[in-house]
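Here is a friendly walk through one protein model and its ligand. Have the viewer open as you read, and follow along section by section.

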Amino acid sequence: MRKGLLIVISGPSGCGKGTICRALREKHPELKVSVSVTTREMRKNETEGKDYFFTSREEFERMISEGELLEHARIYGGHYYGTPKKYVKQTLLAGDDLILEIDIQGALQVKERFEEGIFIFLVPPSMAELHRRLVERGREAPELIMERFKAAYEEMNFISRYNYVITNDKVEEAVCKIEAVITAEKCRVQRNEELLSELLEGGI
Ligand code: 5GP
């Protein structure tokens, strides 16, 4: 059976990763999404096991030391975030496509371990717009907004390590571009070797 695609969607805080991933899943409920583990506090509108698995620092560190995470990063405010390895493995082996919505440090770790993944970097239409989005969503205190905004400049330097860059101006358009990437990736010769040998063996 053909393995599923691992689609890593990443980009600076405020570029709209969450919105894009939600819109993509609404259109494609067959796409699976990995639920990350985090040590940050649960927000009012969040649900355990759906948005994140919320856990303690001790438990998170145990998961790191026992090799249960595909990647992990310490992000803003010193909180840990990580992707449980088991679900990723099971999903891909079952032939399902899986989305990871993670930060840039995490995406680069996945790339080291899983070259065949598809790495998409989402960018805002402008840095001014990124700042406006960070302020408008009103999730963080002003000094944290500034921390995320400054980090975004540094993070842009990593675009060259990704396979695709997509501007998130209009959500619909960005989603269409991701769909196009997924379609094209599924047609890659390297991903279709079995299909080609079956064709040739089939005779007339
Ligand atoms: P938030 O706290 O706003 O939910 O997320 C903060 C940042 O953590 C976002 O950029 C989000 O993409 C990233 N993030 C969420 N889950 C993971 C994960 O499992 N690994 C990594 N490296 N980053 C994550």
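## A starting point: L108

Setting aside residues up to four places away in sequence, L108 touches F158, R161 and Y162. Bear in mind as you look around that this is a predicted model. L108 belongs to helix 4, and because its relative accessibility is 14%, under the 20% cut-off, it counts as buried. For a sense of distance, try V171: it is 63 residues from L108 along the chain, and the two C-alpha atoms are separated by 25 Å.

L108 has company in its helix. Helix 4 covers residues 104–113, and its buried residues are I104, G106, A107, L108, V110 and K111. What lies over these buried residues? The cover includes strand 1 (6–10), strand 5, strand 7 (98–101), strand 8 (118–123) and helix 6 (142–155). Several of these elements return below.

## The parallel sheet

Five strands form an open sheet in the order 2-7-1-8-9, and their pairing is parallel. Its edges are strand 2 (32–33) and strand 9 (164–167), each of which pairs on one side only.

Strand 1 is a good place to look next. Five of its five residues are buried, so the strand is mostly covered. Both faces are involved: L6, V8 and S10 are buried on one side, and I7 and I9 are buried on the other.

Strand 1 pairs with strand 7 in the parallel sense, over four bridges. Within this pairing, I7 stands opposite I99, while I9 has E101 as its bridge partner. Strand 1 also runs parallel to strand 8, and four bridges join them. Here S10 is matched with F121 of strand 8 as its bridge partner.

## The ligand and its shell

Now to the part you may have been waiting for. How many residues surround the ligand? There are 17, and the closest are S36, R40, Y52, Y81 and D103. By residue class, the shell divides into five nonpolar, four polar and eight charged residues.

Some pairs of polar atoms deserve a look in the viewer. An oxygen atom of the ligand is 2.5 Å from an N or O atom in the side chain of Y52. A polar side-chain atom of S36 lies 2.6 Å from a ligand oxygen atom, and for R43 the corresponding distance to an oxygen atom of the ligand is 3.1 Å. The ligand taken alone exposes 510 Å², of which the protein buries 94%.

## The hairpin beside the ligand

Two strands each supply at least two residues of the shell around the ligand: strand 5 (69–75) and strand 6 (79–84). They pair with each other in the antiparallel sense, over six bridges. Within the pair, R74 stands opposite Y80 of strand 6.

The two strands form a hairpin with three residues between them, and there G77 takes a positive phi near 75 degrees. Why is strand 5 described as largely enclosed by the rest of the structure? Five of its seven residues are buried, so that description follows.

## Two buried residues in other helices

T91 sits in helix 3, which covers residues 85–93. Its relative accessibility is 5%, so T91 counts as buried. Leaving aside neighbours within four places in sequence, T91 is in contact with K32, D96 and L98.

R148, in helix 6, makes an interesting companion to T91. Is R148 buried or exposed? With a relative accessibility of 10%, R148 counts as buried. Its side chain is joined to that of E140 by a polar contact of 3.2 Å. Beyond its neighbours within four places in sequence, R148 is in contact with S13, Y76, L134, R137 and E140.

## Putting it together

For a last look, start from strand 1, with five of its five residues buried, and move to its parallel neighbours, strand 7 and strand 8. Then turn to helix 4, whose buried residues have strand 1, strand 5 and helix 6 among their cover. Finish at the ligand, where strand 5 and strand 6 each contribute at least two residues to the shell, and where the protein buries 94% of the area that the ligand exposes when taken alone.

Technical notes: Residues are numbered from 1 along each chain as its sequence is written. This is a predicted model: local features need pLDDT of at least 70, side-chain atom pairs count only at pLDDT 80 or more; totals for chains, interfaces and linings use all residues. Side-chain values use heavy atoms; hydrogens and water are left out. A residue is near a molecule or strand if one of its heavy atoms lies within 4 Å of it. A polar contact is a pair of N or O atoms within 3.5 Å; within protein, one must be able to donate a hydrogen and the other to accept it, and residues adjacent in sequence count only if both atoms are side-chain atoms. Accessible areas come from the Shrake-Rupley method with a 1.4 Å probe; for residues, only the protein chains shown count as cover. Ala, Val, Leu, Ile, Met, Phe, Trp, Tyr, Cys and Pro count as nonpolar, Asp, Glu, Lys and Arg as charged, and the others, Gly among them, as polar. Buried means under 20% relative accessible area, exposed over 50%, partly exposed in between (1.4 Å probe, protein chains only). Two strands pair if DSSP finds at least two bridges between them. Contact means heavy atoms within 4.5 Å.
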